[in-house]
Amino acid sequence: MKPKFEGGRNIAMKVPPHQYEETVRFYRDVLGFEQIEELLPAVGFRFGANQLWIDRVPGMSQAELWLEVVTDDTRAAAEHFAQAGTVRCDEIEALGEDFDGFWISSPASIIHLVDGKAGSW
């Protein structure tokens, strides 16, 4: 049976160090978005019904947006994606051994975190 998927509420913006401070300032001071304080030192903002996380990533030349997809069954989801020929890219960021999820890439090279609903922040 195909697992159920839905968009998660987390969006990650991976930003090169030379753009990081100005990017955080833009969302905090220019747009005036509410900063998420309860998960410091992670830097995040309330983005409507979503949460926008801004991560400093050394070695990047430009920013990327990463999206979250939540599922009711990560094992079935992994099998589903494998059968569909979806690219897994777990090496891009360690999630920890106890994390119930994994990374995939869409055909347009947009990174998606696939995780169980309980794993979503």
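Which residue in β6 is the bridge partner of Arg88? The partner is Ile104. The legends below cover this contact and others in a predicted model.

**Figure 1. Seven strands make an open sheet.** The strand order is β2-β3-β1-β4-β7-β6-β5. The pairing is mixed. Strands β2 and β5 sit at the edges, and each of them pairs on one side only. Strand β5 spans 87-88, while β2 covers residues 43-47.

**Figure 2. Strands β5 and β6 pair in the antiparallel sense.** Two bridges hold this pairing. One contact to look for is Arg88 with its bridge partner Ile104 in β6. Strand β6 runs over residues 101-105. Four of its five residues are buried, so β6 is largely enclosed by the rest of the structure. The cut-off for buried is under 20% relative accessible area.

**Figure 3. A hairpin links β6 and β7.** The two strands run antiparallel and are joined by five bridges. Ser105 has Ile111 in β7 as its bridge partner. Five residues lie between the strands. Ser109 is in the turn and has a positive phi of about 65°.

**Figure 4. Strands β4 and β7 pair in the parallel sense.** Strand β4 holds residues 64-71, and strand β7 holds residues 111-116. Their pairing extends over five bridges. Within this view, Val69 stands opposite Val114 in β7.

**Figure 5. Tyr27 and Phe33 form a tilted aromatic pair.** A search of the whole structure finds seven aromatic pairs. A pair of rings is described by the distance of the centres and the angle of the planes. For Tyr27 and Phe33, the centres are 6.1 Å apart and the planes meet at 45°, so the pair is tilted. Is Tyr27 buried or exposed? Tyr27 counts as buried, at 12% relative accessibility. Phe33 counts as partly exposed, at 26%.

**Figure 6. Tyr27 also pairs with Phe45.** This pair is tilted too, at 6.2 Å centre to centre and 35° between the planes. Tyr27 belongs to helix α1 and Phe45 to strand β2, so the pair ties together parts that are 18 residues apart in sequence. Both residues are buried. Tyr27 and Phe45 belong to one aromatic cluster, together with Phe26, Phe33 and Phe47.

**Figure 7. Phe26, Val30 and Leu31 make a nonpolar surface patch.** The patch has an area of about 250 Å². Phe26 is also a member of the aromatic cluster. Val30 is found in helix α1, which covers residues 17-30. Val30 is partly exposed, with a relative accessible area of 47%. Patch residues need over 30% relative accessible area, so Val30 at 47% passes that cut-off.

**Figure 8. Arg25 and Glu22 meet in a salt bridge on helix α1.** The N to O distance is 3.0 Å. The two residues are three apart in the helix, about one turn. Arg25 counts as partly exposed, at 33% relative accessibility.

**Figure 9. Glu6 forms a salt bridge with Lys4.** The closest N and O atoms are 3.7 Å apart. The cut-off for a salt bridge is within 4 Å. Glu6 counts as partly exposed at 34% relative accessibility. Lys4 is partly exposed as well, with a relative accessible area of 49%.

**Figure 10. Arg46 forms a salt bridge with Glu38.** Here the closest N and O atoms are 2.8 Å apart. How do the two residues stand in accessibility? Arg46 counts as partly exposed at 28%, whereas Glu38 is exposed at 54%. Elsewhere, Lys14, Asp55 and Glu93 are joined into one network by salt bridges that share partners. The structure holds nine salt bridges.

How values were computed: Residues numbered from 1 in each chain as written. Predicted model: local features only at pLDDT ≥ 70, side-chain atom pairs only at ≥ 80, totals over all residues. Heavy atoms only, no water. Patch = residues over 30% accessible without salt bridge, like charges linked within 9 Å, V, L, I, M, F, W, Y side chains within 5 Å. Areas by Shrake-Rupley, 256 points an atom, 1.4 Å probe, with all protein chains shown as cover. Salt bridge = Lys/Arg side-chain N within 4 Å of Asp/Glu carboxyl O. Buried < 20%, exposed > 50% of the residue type's maximum accessible area, 1.4 Å probe, protein only. Phe/Tyr/Trp six-rings, centres within 6.5 Å; stacked < 30°, edge-to-face > 60°. Pairing = 2+ DSSP bridges.
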